[in-house]
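User: I should like to learn how to read the features of a model such as this one. Please show me the structure and take me through it.

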Amino acid sequence: MRDEVLEALAIEGILLDPDAAQYIMTKEDPLGFTRTALTTMVQHPLILTLDDLRIASPVAEAHQAVENLIDQLPSPAPLRKDVGDIKVLKDVTGNSCCEGSINDFARYFNDRYKKIRTMLVRRRELVGCLSIPRALRMTRDVRIIAMVNDVRTTKNGHKILEVEDDEGRCPVLILRDSDLINECIVPDEVIGIVGKTSRKGDLVVMNELVRPDIPLRGVGMVPSDSSSKVAFISDVHVGSNTFLYRQWENLVNWFKTDGKDEIQYLVLPGDVVDGIGIFPGQEEELDIEDVFQQYKALAEMLKELPDDLKIVVQPGNHDAVRPAEPQPTFSKQLTEMFDSSILFIGNPCELEIEGRRILTYHGRSIDDWVSTVQGLSYETPLEAMKEMLKRRHMAPIYGMKTPLAPEKEDYMVIEDVPDIFVTGHVHGAGFLDYRGVKVICASTWQAQTPFQRMHNFHPEPARMPIVHLGSGTIEMMDFN
Ligand SMILES: [Fe+2]
């Protein structure tokens with residue numbers, strides 16, 4: 001087991017201090033504990049010490065409690081691909097097959113590279129792009145498509161990227177007086193680089209950065225004859241003692257009266273319950289302490305909504321499913337508690353409803369975007385979502401707060417341009433249009449939590465964004 005822990009750390013480029021090794025071996029599942037501890041660290045240390053583990057330990061143990069619970073749960077319920085007018089286009093449920101070996105990681109990053117390369121290679125700016133080894137032999141302008149391994153700033157204020165394609169790797173220099181110096185290039189994103197090879201042929205100086213992005217033309221919702229509307233309510237957090245009972249009642253009453261026949265589809269993008277063991281001391285903040293009872297309560301709440309409303313439920317980081325993304329859907333043990341008409345999906349998931357492509361993602365990676373990209377904050381989740389669309393990837397940075405499972409296919413790549421892109425997670429509410437994509441942040445049904453109060457964060461609860469599937473117009477309802 002000790003060797004397995006050392007190997008897992010070596011993959012991340014981390015050495016293990018002997019005291020820390022001894023501590024890890026006292027754990028019931030040393031490898032699982034190490035992996036979880038790493039996901040709680042903002043930055044990976046070069047040498048993992050006992051102090052690092054002591055800080056990470058309470059959170060890691062809380063995570064493990066949930067993981068143990070998940071082990072007791074049967075595997076995810078089979079995914080229904082076609083429910084009335086809703087089609088599931090892409091979802092990991094039923095296709096998950098990874099063990100976290102080195103080969104899995106290589107295959108996973110390779111798939112990401114290939115998918116995003118396919119988008120970039122069509123770009124006019126990258127016509128005639130070369131592999132890295134060939135580019136290094138050229139004396140004229142070169143174009144390459146590469147994955148970023150590392151980004152650092154030199155003491156003179158220049159930036160050096162270490163990049164890699166399927167044939168080689170090289171450093172890329174961004175000079176400090178270049179317009180590109182303030183571009184936030186994140187580890188593990190795939191970019192196009194236009195530049196010049198140095199005389200020695202050992203690096204490329206970047207002159208232009210090309211991102212896959214959303215094409216400027218030919219996208220956006222062309223009006224259709226659909227008269228249906230889809231609504232989104234994220235982060236319901238049933239079971240929490242800050243769940244907003246009165247506002248939920250307002251929502252139910254609206255659906256029974258004025259809202260009757262208004263909405264045809266309702267999507268819940270994750271954190272549908274508060275869960276258990278998600279953060280240290282959570283039990284103090286729960287009204288319902290049993291996770292199964294939390295789902296039971298949600299099932300009862302959803303039964304109060306109109307019978308002909310088509311409901312889609314997705315997991316988030318508080319739900320009792322595998323924490324690593326992409327997350328397969330809920331187990332049968334949980335889905336059986338609900339009305340059989342409800343569609344349970346994984347996270348993320350691409351749906352098609354009445355001809356509109358909807359990408360729904362809980363949004364855990366917003367934590368990582370906020371801590372990596374300058375100018376972003378928890379108050380501006382829509383801006384973080386724009387960063388995802390620009391890079392055509394929801395969670396590129398490996399090894400931060402978002403645990404990523406190295407599936408054989410990278411489900412976090414945004415391969416097809418969605419009409420609607422929705423997340424939750426940060427408990428904000430809002431929408432904007434980015435190059436024709438309706439970008440939506442779908443609120444919460446939880447009041448400010450003690451943790452949010454400590455960080456002076458003000459949620460925008462009890463809002464419900466509604467999109468008209470025919471015209472693409474969006475309205476935000478307020479149930480406060
Ligand atoms: Fe969340």
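User: Why does the arrangement of the four donor atoms around the iron ion count as irregular?

Analyst: Ideal angles at a metal are 109.5 degrees for four tetrahedral donors. Four donors count as tetrahedral if all angles lie between 85 and 135 degrees, and as square planar if opposite donors are over 155 degrees apart and all others between 65 and 115; anything else is irregular. Here the four donor atoms subtend angles of 83 to 171 degrees at the iron ion, so the arrangement is irregular. This is a predicted model, in which local features need pLDDT of at least 70 and side-chain atom pairs count only at pLDDT 80 or more, while totals for chains, interfaces and linings use all residues. Residues are numbered from 1 along each chain as its sequence is written, and side-chain values use heavy atoms, with hydrogens and water left out.

User: Which residues are the protein donors of the iron ion?

Analyst: Donors are N, O and S atoms within 2.8 Å of the metal (3.2 Å for Na, K and Ca); water is not among the atoms, so sites may look incomplete. The protein donors are D271 (OD), N317 (OD1), H362 (NE2) and H425 (ND1), at 2.1 to 2.3 Å from the iron ion. Along the chain their spacing is D-x45-N-x44-H-x62-H.

User: Is H425 buried or exposed?

Analyst: Buried means under 20% relative accessible area, exposed over 50%, and partly exposed in between (1.4 Å probe, protein chains only). H425 counts as buried because its relative accessibility is 13%.

User: How many disulfides does a search of the whole structure find?

Analyst: A disulfide is a pair of cysteine sulfur atoms within 2.5 Å. The search finds zero. For C170, the nearest cysteine sulfur is that of C129, 13 Å away. C170 is buried, with a relative accessible area of 3%; C349 is also buried, at 1%.

User: Where do the buried residues of helix α2 lie, seen down its axis?

Analyst: An α-helix has 3.6 residues a turn, so residues three or four places apart point the same way. Helices (H or I, at least four residues) are DSSP runs, numbered from the N terminus. In α2 (residues 18–25), the buried residues are A20, A21 and I24. They fall within an arc of 105 degrees, taken from the directions from the helix axis to the C-beta atoms, and so line one face of the helix. The face turned away from this buried side carries the exposed residues P18 and Q22.

Technical notes
Tetrahedral: all angles 85-135°; square planar, octahedral: opposite > 155°, others 65-115°. Helix = DSSP H or I, 4+ residues; strand = E, 2+ residues; numbered from the N terminus.
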